[in-house]
Amino acid sequence: MIKRMVETFLHMRLASKLILINLVLIALPLTVTGMVSFSGFSASLQRTVGKYQTDVVRELTANLDTVTSEVNLLSAEPYQSPELLKYLEKRRQPGSPATYEERSLLDNFTRKIALNGRVDVIGVSLFSLQGDSYVAFTDSPGSFYQPRIPDQSWYEAASRSGKGSFIGPHEVVSENGVSYLVFSVVRQIRSLENGRTLAFLKIDVDYNNVKDRISLLNGSKEKIITITDRNGGMVYQTDPEPELDGIIRGLSGLGTVTAGSGQTSKLIAYYTSPLTGWTTVQSVPLRVLLTDTVKVRYIVIGIGVLCLVLATVLSVWMSLWVTKPISLLRNSMKKVERGKFDEVIPIRSRDEVGQLGHTFNVMVSRLSDLTYRLYESELREKVAKISSLQSQINPHFLYNTLGSISMYAEIGGSREVVDMTHHLSGLLRYSIGNDNSDATLEQELGHVKGYLSIQNIRFEERLSYEFGIPAELLPYGMLRLSLQPLVENAIIHGLEHGRGDVHISIAAARKDDMLLVTVADNGLGMTEQQLQALGVKLDHAPLPDGPGGNGLVNVHRRIVLRFGYRYGLKIESRVRVGTRVIMKLPLLQAADPSRGES
């Protein structure tokens, strides 16, 4: 894997390498610095928030203790009434009626507790161990009854000491049948003389006293407050948290814990009241507490991304600025490789790249001179060969001989021989009877029609052809003897080496400032590999030998040499469909065929 990455890096462009190296050198330290800074800030803020949450829970517990301490003080009220203590110490039989004085004493005592003015007392119950117990609710008069005291749920906790024992929320029903949700304080009343247990005082307080105080202090819906008693029983909870229930019930004392992970993680702060033994727990999602951390994180990320983008832009600009001359040199070398020797690189510096560009310009200049001399030598050699052939054969002798053959054939009634000698004479006159290298499209078509007439006599019905030449294009100029080799190529590969019959279509069209002459056939066609090989041969093969400029390579190189690399032959072919050769020429009048780019 690492080896493949190294190989990929080695084969990357120079500009890409420089950009990648710069990005790594900039992004890596920036990322590490940002992560370390943010982690330190986040940990520090979380410790501060944890301490703050602990203080909040202690304050909340203190506020609740103001209520419970008031109730706790009220539960000690019997010790302020000697008459009540004397009544409780008096031995009475269960079911025996109380005197008027005793009932008035109990009514006044319960009324005094109920009308304390500080907490909302719902009911007061005095469970006497001597005689009947007495209960009074705010909505009904007091009454006597005979409960079994040891069976009460609070009995065990209240019997342990003389302090008040707090009981969590539960329901009580008054004499009128009204149900109330209350929390209670139960205190064991003992004799001041001998410490003997005389009774148990139970004060029921409206549970809304707790809810209202918590609602005033809990200003966020995201914060969940839970109060549990000494045994882990639920005293109060704003919203149920089943996933944290096991953790919350086991908390005691003072501290903070973190539960959950990711977006669901919560900070739990708790504090146990020394008065009631109840544990107040507040759970808050860390994402709420660390909102500032999230903002800082986004700011750090934003600054980091901005710095990275600026560094990337600067790195790309500098890398492209440094490698631009090298890229220009590379592109110029590719153009020279394709045969364009007029390429010149502008020199803008005197550094190593500038010196390399200067050396390249000198090299291309020398190559261009050598190539021109080579082309000139080849052309002179071909002209010399043609002149040698023309000097060996007297054109007038050939014309007269063909005329004689035509006359004798006409006398003998051989019309085919007459037509063939007539067209052959025209071909010879066009090929060797004119020193001008330029012609019009109309002249080239006339030459091709004579050639096709001779081939049609030879192949008879196996050869068919058609012309699609607009009349307005006929006066435009082109190279002499450049169209016939294209038609000859279609016949050779279509009839002599190919299928049973061939149809040739010759057309011309104008496109912008170009003249497009197309020769298409329905021969065997070429594969993609053969087509690519022919394309390479057109651009790089040497000029073929022989007079007359025959062959696709010869025609293409003559056009490129005369008019430039923009023009030449383009070949399209499909197997068993056919081949189409497109000749691209500048749109020139016959009077100005000498115009060219090279």
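Where does UniProt place the feature "transmembrane region"? I found that the unreviewed UniProt entry puts this feature at residues 298-323. I note at the outset that the model I am examining is predicted.

**Entry 1: the annotated segment**

I checked the secondary structure over residues 298-323 and found 100% helix and 0% strand. The C-alpha atoms at the two ends of this stretch are 36 Å apart. The label itself comes from the UniProt record, whereas the helix content is computed from the model.

**Entry 2: the six-stranded sheet**

I next traced an open sheet of six strands, which run in the order S3-S2-S1-S6-S5-S4 with antiparallel pairing. Its edges are strand S3 (140-145) and S4, each of which pairs on one side only. With direction ignored, neighbouring strands in this sheet are turned against each other by 20 degrees on average.

Within the sheet I looked up one pair in detail. Strand S1, residues 121-128, is joined to strand S6, residues 197-206, by seven bridges in the antiparallel sense. In this register, Val-124 lies opposite Ile-203 of S6.

**Entry 3: the second largest pocket**

Which elements give two or more residues to the lining of the second largest pocket? I recorded about 650 Å³ of space in this pocket. Its lining comprises 24 residues, and those nearest the centre are Ala-157, Ser-165, Phe-166, Arg-230 and Thr-276. Helix H5 (155-158) and strand S4 (165-173) are the elements that contribute two or more residues. S4 supplies the largest share, five residues. I therefore meet S4 twice, as an edge strand of the six-stranded sheet and as a contributor to this lining.

I also sorted the lining by class: 10 residues are nonpolar, nine are polar and five are charged.

**Entry 4: the five-stranded sheet**

I then followed an open sheet of five strands, ordered S8-S7-S11-S10-S9 and paired antiparallel. Strand S8 (234-237) and strand S9 (254-259) form the edges, with pairing on one side only for each. The average twist from one strand to the next is 20 degrees.

Here I examined the contact between strand S7 (residues 224-228) and strand S11 (residues 279-285), an antiparallel pairing over five bridges. Thr-226 has Val-281 of S11 as its bridge partner.

**Entry 5: Leu-588**

Is Leu-588 buried or exposed? I located Leu-588 in the segment that follows strand S18 (578-586). Its relative accessible area is 6%, so I class Leu-588 as buried, the cut-off being under 20%. Its C-alpha atom is separated by 8.8 Å from that of Asp-513, although the two residues are 75 residues apart along the chain.

Technical notes: Residues are numbered from 1 along each chain as its sequence is written. This is a predicted model: local features need pLDDT of at least 70, side-chain atom pairs count only at pLDDT 80 or more; totals for chains, interfaces and linings use all residues. Side-chain values use heavy atoms; hydrogens and water are left out. On a 1 Å grid over the protein atoms alone, a cavity is a set of points where a 1.4 Å probe fits but cannot get out, and a pocket is an open set with protein on both sides within 12 Å along at least five of seven lines; lining residues have an atom within 4 Å of a point. Grid points are joined across faces, edges and corners, and a volume is the space filled by probe spheres set on the points. Helices (H or I, at least four residues) and strands (E, at least two) are DSSP runs, numbered from the N terminus. Ala, Val, Leu, Ile, Met, Phe, Trp, Tyr, Cys and Pro count as nonpolar, Asp, Glu, Lys and Arg as charged, and the others, Gly among them, as polar. UniProt positions are given in the numbering used here, feature names are shortened, and annotations may be inferred rather than shown by experiment. Two strands pair if DSSP finds at least two bridges between them. Axes are lines fitted to C-alpha atoms, for helices over the stretch in contact, and angles run from 0 to 180 degrees between N-to-C directions. Buried means under 20% relative accessible area, exposed over 50%, partly exposed in between (1.4 Å probe, protein chains only).
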